[in-house]
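Colleague: I am new to this structure and would like to go through its side-chain links with you. Could we begin with the terms and then take the pairs in turn?

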Amino acid sequence: VNYPPSPDAFDAQLQASPVWQIVKADYPTWYAERVKDGARRAAENQDGASVHRYLLEQLVTLRREHARSAFVSTLPHMKAVAQAFRDNLVSLAQHSEVACYSFISMGEASRGIAALHTQPRYGPLLEAQAVAVLTAIREGQKAPTVHMAPRKDDYTRLSAELKDMGWSEDDLKLFADSDGLAKTDPGRVCRMVTDWFSAQLKIRDPDLQSRLLSESIKPVVGG
């Protein structure tokens, strides 16, 4: 991706993206500063990949600053975030286990994932997740919906769903052990996180689903 040094042209290029359309509408002053900085970087002959990664890093900062609003969005918006994240895990796993694991552990602005943003096979899904997150934030800011915290029984029911998907007791114990998970094969971590979200998206009880997802999307939006 090549970016123009003119702020007007830079703005026009960003506005071809649904993500940046939302950002410009909801955070106009912040957006204007990003356009100014991005155009300056392009004028300094920074390569397109560097400018693109800068923009992704800024989007990460923005979503983290407003993450709490996403956690009080409605269930459909939380589901959209969870579904987009799950779809990206499946997509990136087809690229490589390392890519999937990097997305989980380091996010969309990590060097390897940033490079995939410009590829037609991966870029649209990565952008769809950013759109889902920003839309959930917008919804939560306009009409916050307080969700109850998950109960012990909620996780018992979720565990039963995961067992139906093939998980063992050892898998459940491992997933609850952050230190053990950090030492686990990246491919297994990727599959487990994918299953974790897939199981919650299958739940038909809206109250149960909202309690679980309001907690599960926290690292996706705020991490």
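Modeller: A residue counts as buried when its relative accessible area is under 20%, as exposed when that area is over 50%, and as partly exposed in between, using a 1.4 Å probe and protein chains only. This is a predicted model, in which local features need pLDDT of at least 70 and side-chain atom pairs count only at pLDDT 80 or more, while totals for chains, interfaces and linings use all residues. Residues are numbered from 1 along each chain as its sequence is written, and side-chain values use heavy atoms, with hydrogens and water left out.

Colleague: Which residue does Cys100 join in a disulfide?

Modeller: A disulfide is a pair of cysteine sulfur atoms within 2.5 Å, and the structure holds 1 of them. It links distant parts of the chain, 90 residues apart, with one cysteine in helix α7 (residues 97-106) and the other in helix α13 (residues 186-202); helices here are DSSP runs of H or I with at least four residues, and strands are runs of E with at least two, numbered from the N terminus. The S to S distance is 1.8 Å, and the partner of Cys100 is Cys190.

Colleague: Is the link of Cys100 and Cys190 right-handed or left-handed?

Modeller: Both ends of this link, Cys100 and Cys190, are buried. The angle about the S-S bond is 80°, and the link of Cys100 and Cys190 is right-handed.

Colleague: How many salt bridges does a search of the whole structure find?

Modeller: Side chains of opposite charge can pair when their charged atoms come close. A salt bridge is counted where a side-chain nitrogen of Lys or Arg lies within 4 Å of a carboxyl oxygen of Asp or Glu. Searched in this way, the whole structure gives a number of salt bridges equal to 13.

Colleague: Which residue forms a salt bridge with Asp37?

Modeller: The two partners both lie in helix α3 (residues 28-43), 3 residues apart, which is about one turn of the helix. Asp37 is buried, as is its partner. With the closest N and O atoms 3.6 Å apart, that partner is Arg34.

Colleague: Why does Asp205 count as partly exposed?

Modeller: Asp205 meets Arg157 in a salt bridge of 3.6 Å, N to O. Because Arg157 lies in helix α10 (residues 152-164) and Asp205 in the loop between α13 and α14 (206-216), the pair ties together parts that are 48 residues apart in sequence. Arg157 is partly exposed at 38%, and Asp205 is partly exposed because its relative accessible area is 28%.
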